[in-house]
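Student: I have a new model open and want to learn how to read it. Where do I begin?

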Amino acid sequence: MAKKKKSTTVTADAVPASESEVKKAQEADEDEEGSEDDASEIELLQVDVGDVVKLKQILDETVAGTFLDKCSLVEDHTVDNIKLSIMALACTFAMVAQFAPLPFPDSRPVLGGCCAAYFVLSGFLQLVTTFWDKDCIMVTKAVEKAKNQKNSDMEKYGLRIRTSLPRFSEFYTVIIEFQKKYGDGENRPYVKETWSVGQFFDVEGMFDEYGLENEIEELYERFEAGKFDNPKDYIDDKISLMLLLGLSNGPVPTPAVSKEKKEQ
């Protein structure tokens with residue numbers, strides 16, 4: 001039979017760690033926990049790239065969220081409140097027509113008036129959406145103090161954020177301009193940038209949200225610094241609407257590509 005050897009253990013006196021070593025160990029543990037939490041919080045959004053409506057919705061929501069969260073702008077809900085008031089008034093006429101305590105022969109004038117009012121208000125709301133909102137996804141309020149005094153108009157006017165993703169096109173365009181009425185021939189300060197949706201979506205539809213946020217922040221910083229694009233290249237939303245409806249024989253605007261992308 002084999003004999004078992006007795007194992008001898010040598011114990012050493014414990015050396016107390018210094019305060020600096022303890023702090024370093026605690027900081028290392030906190031950094032590891034923080035990195036694990038960040039890794040667990042990152043969730044990529046997957047979208048069907050064939051669904052253009054959903055694709056633009058995701059892009060627009062990310063753009064709007066960047067202006068509100070990253071750029072610290074405040075959204076102006078004035079136009080939205082007006083549209084909600086118009087629709088609420090139209091619904092009131094519809095409820096009166098439906099629940100008015102009048103017998104049918106005597107309620108014909110009331111029904112006719114309520115139906116006419118409902119269709120007029122609904123038509124007016126559609127006109128506001130088509131010719132006032134157009135391709136605008138959000139309107140912001142003026143900032144309290146502009147960082148660059150060359151662009152002091154930011155303290156007077158809010159910003160109008162416009163986006164477009166034409167049908168059967170891969171190019172997504174964002175335009176930043178002032179919420180201000182301009183006369184004919186008056187230069188409009190604006191910045192515009194166009195990207196391919198393939199820059200933010202892979203073949204499986206995974207969305208690079210942080211990449212788009214960085215691009216929007218750079219575009220806003222360019223507008224904030226007063227580095228506007230050439231006014232001659234400005235494409236009015238009226239012209240875009242006429243081209244879309246086929247009422248103009250002008251050239252279709254092509255997406256502008258930045259110099260950095262051309263060099264690449």
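The dialogue below goes from confidence to fold, sheet, core, polar contacts and rings.

Student: What pLDDT does the protein average?

Tutor: Start with confidence, since this is a predicted model. The average pLDDT is 78, and 70% of the residues score at least 70. Over residues 1-15 the pLDDT is below 50, and that stretch has zero contacts beyond its near neighbours in sequence. Residues 243-264 also stay under 50. For them the model has 18 contacts beyond four places in sequence.

Student: Why should I care about such stretches where pLDDT is low?

Tutor: Where pLDDT is low, predicted coordinates should not be read in detail. Here that applies to residues 1-15 and to residues 243-264.

Student: How many helices and strands does the protein have?

Tutor: There are seven helices and six strands. In sequence order the pattern is α-β-α-α-α-β-β-β-β-β-α-α-α. Then look at contact range. Of the contacts with a separation of 6 or more, 62% join residues 24 or more positions apart. Burial comes next: 27% of the 264 residues are buried.

Student: In which sense do β3 and β4 pair, and over how many bridges?

Tutor: For strand pairing, read the direction and count the bridges. β3 and β4 pair in the antiparallel sense, over six bridges. Ile-161 stands opposite Ile-176 of β4. The hairpin of these two strands has six residues between them, and Phe-168 in it takes a positive phi near 60 degrees.

Student: How many bridges join β4 to β5?

Tutor: Seven, and these strands run antiparallel. One bridge pairs Glu-177 with Tyr-190 of β5.

Student: Is β4 largely enclosed or largely open?

Tutor: Count its buried residues. Seven of the eight residues of β4 are buried, so the rest of the structure largely encloses this strand.

Student: Which residues have the most contacts inside the largest nonpolar core?

Tutor: To read a core, find its hubs, then its contributors. This core has 31 residues, and the hubs are Phe-67, Leu-159, Ile-176 and Phe-201. The elements giving two or more residues are α2 (52-70), β3 (159-164), β4 (171-178), β5 and α5 (209-224). α2 gives the most, with six residues.

Student: What does Leu-159 touch?

Tutor: Set aside residues up to four places away in sequence. Among the rest, Leu-159 touches Leu-73, Met-138, Ile-176, Phe-178, Tyr-220 and Phe-223.

Student: Arg-160 is found in strand β3. Is Arg-160 buried or exposed?

Tutor: Compare its relative accessible area with the 20% cut-off for burial. Arg-160 is at 8%, so it counts as buried. Next, look for polar partners. The Arg-160 side chain reaches the backbone oxygen of Trp-132 at 2.8 Å. It also makes a polar contact with the side chain of Gln-179, at 3.4 Å.

Student: What about Arg-162, also placed in strand β3? With which side chain does the side chain of Arg-162 make a polar contact?

Tutor: Its partner is the side chain of Asp-135, at 3.0 Å. Arg-162 is buried, with a relative accessible area of 2%.

Student: How is a pair of aromatic rings described?

Tutor: By the distance of the centres and the angle of the planes. This structure holds seven aromatic pairs. Take Trp-195 and Phe-200: their ring centres are 6.1 Å apart and their planes at 70 degrees, so this pair is edge-to-face. Trp-195 is buried at 1% relative accessibility, and Phe-200 is buried at 3%.

Student: What are the distance and angle for Phe-223 and Phe-228?

Tutor: The centres are 5.3 Å apart, with 70 degrees between the planes, and the pair is edge-to-face. Phe-223 is buried, at 0%, whereas Phe-228 counts as partly exposed, at 30%. Both rings belong to one aromatic cluster with Tyr-157 and Phe-178.

Student: One last residue. Where does Gly-198 lie?

Tutor: Place a loop residue by the elements on each side. Gly-198 lies in the loop between β5 (190-196) and β6 (206-207). At 52% relative accessibility it counts as exposed. Its C-alpha is 8.8 Å from that of Phe-171, a residue 27 positions away along the chain.

Technical notes:
Residues numbered from 1 in each chain as written. Predicted model: local features only at pLDDT ≥ 70, side-chain atom pairs only at ≥ 80, totals over all residues. Heavy atoms only, no water. Helix = DSSP H or I, 4+ residues; strand = E, 2+ residues; numbered from the N terminus. Buried < 20%, exposed > 50% of the residue type's maximum accessible area, 1.4 Å probe, protein only. Core = buried A, V, L, I, M, F, W, Y, C linked by side-chain atoms within 4.5 Å. Contact = heavy atoms within 4.5 Å. Polar contact = N/O pair within 3.5 Å; in protein donor to acceptor, adjacent residues only side chain to side chain. pLDDT = per-residue confidence, 0-100. Pairing = 2+ DSSP bridges. Phe/Tyr/Trp six-rings, centres within 6.5 Å; stacked < 30°, edge-to-face > 60°.
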